[in-house]
Structures are given as C-alpha cells and as structure tokens.
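User: I should like to learn how to read the features of a protein model. Could we begin with the pairing of charged side chains?

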Amino acid sequence: VNVLVFAEHRGDRVAPGCLGLLGKAAHLAAGTGTVGAVLAGAGGLEALVPEVGAHGADRVHLAEDDALGAPLPQPRVDVLEAVVETGGYDTVLFSNSVLAADVAAGLAARMEAGLNWDLVDLFGRDGRLVGHRLALGDSVLVEVGWRSAVQLALVRAGSFEPVRVAGGDGPEVAAVPVRLSPHSVAARVIEQRPTPDEGPALEDADVVVSGGMGLGGPEHFSLAEDLARVLGGVVGATRAAVYAGWYPHSAQVGQTGKTVAPSLYVALGVSGAVQHKVGMQRAKVVVAVNTDPNAPIFEFSDLAVVGDVHTVVPQLVALLERKRRS
Amino acid sequence: MKVAVCVKHVPDGRVRLDPGSTRLDRSGSGDLNAMDLYALEEALRVKGDTDGEVVAVSMGPPAAAESLRSALALGADRAVLVSDPQLAGADLVTTSTVLAAVLEREQPDLVLFGQQSADGAGALLWAAVAEHLRRPAISQATALTLDDGTARVTRQSELGDEVVETSLPAVVAVTDAINEPRYASLRGMMAAKRKPLEQLSAADLGIDTGAGPDGGSQTEVLALGAPPGRPDAIRVDDETKAAQVIADFLAERGLL
C-alpha cells in the first residue's frame with residue numbers, strides 16, 4: 001500500500017496528530033509501499049520537510065500557491081486529488097480538525113472514495129485495511145472497511161503518538177503543480193481574528209481542571225481555578241461555557257478548541273459531549289463530578305462522582321490544602 | 001432568495017446499533033436532529049420578509065416525514081424527502097450524491113446544514129455535497145450575512161475566527177452559536193399539514209443504487225464489539241464522602 005498523509009501545519013509547526021499519523025502510515029506501508037505527505041500553503045514549506053521526514057515520510061509533496069495561504073478546505077481537495085492520482089496512492093490519512101474533516105469529505109465526493117471517520121486505530125488484515133471507530137458516545141467499537149480503490153481515513157486527533165524514526169538521507173521532495181477549480185477559490189478569507197495565544201500552557205499541562213455549564217455561571221469558574229491551583233494545573237472550559245461567555249476561548253477544550261493529554265483531567269459540571277471528548281480523551285486519568293448520573297462524561301471517567309460541584313469542590317480544595325500543609 | 005436546509009431524522013433517546021444488520025437501528029420513534037434547528041432558523045431569518053422560499057430536504061426512512069413536518073411547522077415552505085429501501089445503510093458518498101441530486105433540481109441560492117447529527121456525528125456531509133454541486137462551502141459558521149449575491153460568514157476554527165466571503169450559490173454549515181431557534185406554534189403545526197411534502201425514490205432522481213450493497217456505499221461495517229473503555233472505573237454516589245474519595249484516589253494514583 002502507498003499511504004498519503006495530509007500534513008496540516010500552523011506557522012512553522014506540523015500538527016502533532018499528523019506527525020503521529022506518519023508513524024502509523026509507515027507501519028501500514030512497511031515493505032509494501034511508500035509513505036507520502038502533502039504540505040499545502042502560500043510558501044515557505046521547504047522548512048517543514050525535515051520534521052515530516054523525521055516522522056516517517058519517504059516523499060513530501062509541496063503545494064505552494066497564494067490561494068493555499070488561508071485555512072480553507074476546497075483548494076486542498078484539488079491538491080490532494082492531483083497528488084493521489086499522480087503519486088499512485090491508495091490510502092489517504094487525515095488527523096481530525098475543522099479543516100481536515102472538510103478536506104476529507106470533499107475528496108471523498110470528488111473521487112467517489114470511501115471515507116471512514118472518527119477512527120482510533122488502523123491496521124492491515126489479510127491484505128485489507130481495517131479501521132476501528134468508537135461510535136455512539138464510545139459505547140460501541142465498530143470495525144470498518146473500504147470498498148473503494150482509494151481509501152480515506154479520518155482519525156481522531158492524537159490517536160497516535162508522534163515517533164521519530166532513525167534518519168536516512170531525508171525524504172524525496174516533489175513540487176505539486178497547483179491547478180485549482182473555479183468553485184474551490186470562490187471563498188476568500190477577508191479577515192482573521194486569531195485566538196490570542198497565551199502559550200502552550202493548556203496543551204502541555206500535566207493537570208487540567210475543566211468547567212462546563214454545570215458550574216451554573218461564570219462566577220463559579222472560581223471553583224475550577226481553586227482546584228487547578230491546589231493541583232498545580234491549568235483551567236479548561238467546554239464549548240458551551242465559552243459560547244455562554246463564561247470563560248475565554250483560549251481555554252476551550254474540544255473539537256473546535258484545544259486537544260489536551262494531561263496525566264489528570266478533572267471535569268466539573270461537564271456533560272461530556274462528543275465534541276468535548278475528542279479534546280481530552282488522551283488524558284491518562286479522568287475524574288468527573290456531575291449531578292446527572294447519566295452524564296456521558298462518566299462513561300470515560302476513571303472516577304465518576306455523582307454530586308454537586310458547589311458542595312464537592314470546596315471540600316476537596318480544603319482537604320487538599322490541609323494535606324499539602326501537613 | 002431561495003434557501004434549502006438539509007435536515008436529518010434521528011432516533012429518539014438512546015441510539016443503538018442493530019447487531020444483525022450492523023446498521024443504526026432506525027425502527028423506533030425519531031425527531032428532527034437538534035443541530036438542524038439552527039440551520040432552519042437561519043434559513044427563516046435569511047428569507048425574512050422577502051418573497052423567497054425555504055425548502056427542507058432530507059434522506060431517510062419513511063418516518064423521516066415526521067421530522068420534515070416539524071420543519072414545516074417551524075416555518076419551512078416546502079419539504080422533499082428521499083426515502084428508498086435501496087438507500088438503507090448509505091455512507092457519505094451515497095448520501096451526498098442523493099442530496100446533491102435533490103439540490104440540483106431545486107437550484108437554491110443558499111444551502112444550509114446543521115453542525116452535526118446526533119447519531120452518526122460525522123459532521124462531514126456539507127463538504128461532500130458542495131463538492132458534488134461544485135459550489136463553495138463554508139463550515140463552522142457562527143454568523144452569516146447576505147448582501148447582493150455575496151455571503152459573509154464568520155467561521156470558528158481551532159485557530160480563532162475567520163471572516164470568509166463567497167459568491168452565491170454556496171453551501172454553509174452553521175454551529176449552535178449562530179442563533180436561538182424558535183419553537184413551533186400551534187398555528188404553525190396546523191399550517192404544516194397543508195404544506196407540500198414531496199416523496200422521491202432514488203430512481204426519481206436518476207440515481208442507480210444497483211451497483212453494490214448499502215446503496216452503493218464505498219465503506220462497510222465489518223463487525224461490532226465492545227469498546228476498550230476504562231475498565232476499573234469507580235463510581236461515587238454519596239456526595240458527602242465524595243471529596244475524601246477523590247483525595248484518596250488522587251493520592252493512590254500518585255497525582256498529588
């Protein structure tokens with residue numbers, strides 16, 4: 001198999017999820033084919049090649065065009081279609097993000113190619129590609145396959161740890177002739193309001209304490225802040241809480257926010273919607289406190305506490321402070 | 001301004017997969033997918049007082065007509081349902097082909113989608129439909145304004161907000177931050193009974209499903225199993241002891 005990875009980058013950094021996919025691609029292609037990576041942007045992509053090569057790409061396709069400067073999906077569908085066809089790829093892997101999901105679905109329609117999404121694992125069996133998907137709030141493990149000649153897989157971000165491979169001569173670099181369809185360049189970004197980046201604190205934190213709508217109001221985020229302080233952690237928030245204006249967007253954990261992988265994740269008044277879960281499922285230990293005994297968050301918690309955060313958290317903070325002093 | 005809204009009929013309550021067919025069990029009662037209410041609300045807002053039209057479009061089992069009636073009760077003018085046993089088990093490629101065929105017939109200025117479905121949760125369909133139509137697509141919309149054949153969309157991504165502009169016709173997928181959906185009124189429900197609801201088969205749209213199983217799907221379900229999960233989960237129901245249990249648990253795991 002020849003496996004292509006859609007390598008998404010932000011500034012001078014390739015998304016860690018994509019680097020992890022390169023390692024998985026190398027496993028799938030081992031001894032039978034090559035691993036390619038596509039980088040698309042307005043320019044300056046050459047600088048990212050060593051990083052992509054170090055994680056398993058044999059060949060790196062660079063697509064540079066002004067229309068690829070903005071993070072819009074449709075021009076990238078044109079690029080991927082061209083690379084798949086000319087490069088002889090039969091499998092394309094995507095690490096889930098707002099951009100990658102739209103690109104993968106567009107490519108599926110363009111190439112009439114099967115797309116399996118929300119995958120947590122991929123492997124070969126009897127010469128066929130098989131995917132594992134957790135469905136219905138992670139209550140069922142679904143084994144999925146493909147019928148199409150080109151197989152597309154959208155993998156949950158962070159499913160595979162990035163691993164550096166022993167260096168060779170570096171990957172082969174190929175420039176992609178960029179030809180864009182009229183409908184692919186109809187949409188234009190006229191303004192960007194980037195989320196102020198307050199450093200990688202949340203993504204790199206060893207302890208994250210997140211608050212959701214169950215806190216009951218913005219003033220109760222102090223509960224999350226107090227607990228984060230005694231645990232030496234950082235505060236996160238659900239999308240609903242961010243949309244309600246209770247906490248800044250930079251603290252949002254989930255599909256349209258940040259992906260975290262701390263040793264400890266404490267969820268306070270968080271229901272556990274799928275879009276939140278994809279941002280925190282790599283946490284090693286999850287503790288959840290929620291008044292609703294049927295909250296989905298409990299299905300992926302190590303310690304599930306049915307109770308009111310307003311009662312439990314102050315007691316816990318006091319207890320931990322006493323412990324610390326003694 | 002003619003607006004088409006793509007909606008889905010999703011099973012009520014706890015969704016299950018049928019172990020026999022390995023498909024989602026759609027035999028029980030269902031409802032209009034909650035996220036689609038935001039798309040419908042936005043369509044009604046866009047149409048406003050103009051002499052435009054809002055068409056609700058769906059593909060699903062015959063019972064999906066109930067959800068389309070709900071859309072009509074909320075204010076949609078017409079509804080189109082593609083229901084065909086041949087399409088059961090349809091994947092992204094097949095579903096997007098079918099919806100695109102309906103939209104080709106309808107020729108709307110704007111196509112709206114909700115953020116994701118409560119059951120499949122793929123959040124992918126709009127991009128595939130737009131590609132079939134060869135129209136621009138913008139997802140994760142938290143605001144939408146239309147002006148003289150141009151749509152201006154605020155799009156939320158991991159990077160922050162982007163304002164994206166495109167010519168119409170276009171496909172836009174909205175989030176639940178875009179508006180506050182209305183509730184159906186009794187008058188709306190009465191009126192819905194008299195509004196047109198067209199039912200189509202795949203053949204009516206000129207779509208040949210005979211090529212393969214699951215309506216020509218390019219993906220397949222091989223097996224169902226139990227998730228790996230977190231097997232040693234501990235549950236605490238006594239709130240008065242909760243703080244102590246958490247503190248002990250954290251100490252035990254070396255997390256303090």
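User: Is R147(A) buried or exposed, or partly exposed?

Analyst: At 31% relative accessibility, R147(A) counts as partly exposed. Buried means under 20% relative accessible area, exposed over 50%, and partly exposed in between, with a 1.4 Å probe and protein chains only. This is a predicted model, in which local features need pLDDT of at least 70 and side-chain atom pairs count only at pLDDT 80 or more, while totals for chains, interfaces and linings use all residues; side-chain values use heavy atoms, with hydrogens and water left out. Residues are numbered from 1 along each chain as its sequence is written, and chains are lettered from A and ligands numbered from 1 in the order in which they are written.

User: With which residue does R147(A) form a salt bridge?

Analyst: Side chains of opposite charge can pair when their charged atoms come close. A salt bridge is a side-chain nitrogen of Lys or Arg within 4 Å of a carboxyl oxygen of Asp or Glu. Here the partner of R147(A) is E220(B), with the closest N and O atoms 3.8 Å apart. The pair joins two chains, because R147(A) lies in the loop between β9 and β10 (151-155) of chain A and E220(B) in strand β12 (residues 219-225) of chain B. Strands (E, at least two residues) and helices (H or I, at least four) are DSSP runs, numbered from the N terminus. E220(B) is buried, with a relative accessible area of 19%.

User: Which parts of chain B do R152(B) and E165(B) link?

Analyst: The side chains of R152(B) and E165(B) meet in a salt bridge of 2.6 Å, N to O. This pair links distant parts of the chain, 13 residues apart: R152(B) is in strand β8 (residues 150-157) and E165(B) in strand β9 (residues 160-167) of chain B. R152(B) is partly exposed at 40% relative accessibility, whereas E165(B) is buried at 14%.

User: Where in chain A are E143(A) and R125(A)?

Analyst: E143(A) forms a salt bridge with R125(A), and their closest N and O atoms are 2.8 Å apart. E143(A) belongs to strand β9 (residues 140-146) and R125(A) to strand β7 (residues 114-125) of chain A, so that distant parts of the chain are linked, 18 residues apart. E143(A) is buried, with a relative accessible area of 16%, and R125(A) is partly exposed at 35%.

User: How many salt bridges are there over all chains?

Analyst: The count comes to 27 over all chains. Some charged residues form a network of salt bridges: D78(A), E81(A), R110(A) and E131(B) are linked in this way.

User: How many cavities of 30 Å³ or more does the structure hold?

Analyst: Rolling a probe the size of a water molecule over the atoms shows where empty space is left. On a 1 Å grid over the protein atoms alone, a cavity is a set of points where a 1.4 Å probe fits but cannot get out, and lining residues have an atom within 4 Å of a point. Grid points are joined across faces, edges and corners, and a volume is the space filled by probe spheres set on the points. The structure holds six such cavities, and the second largest has a volume of about 60 Å³. Residues of both chains line the second largest cavity, among them P73(A), D102(A), W126(B) and E131(B).

User: How many disulfides are there over all chains?

Analyst: A disulfide is a covalent bond between the sulfur atoms of two cysteines. With a cut-off of 2.5 Å between the sulfur atoms, the structure holds zero disulfides over all chains. C18(A) is buried at 1% relative accessibility, and C6(B) is buried at 5%.

How values were computed: 1 Å grid on protein atoms, 1.4 Å probe; cavity = no way out; pocket = protein on both sides within 12 Å on 5 of 7 lines; lining within 4 Å.
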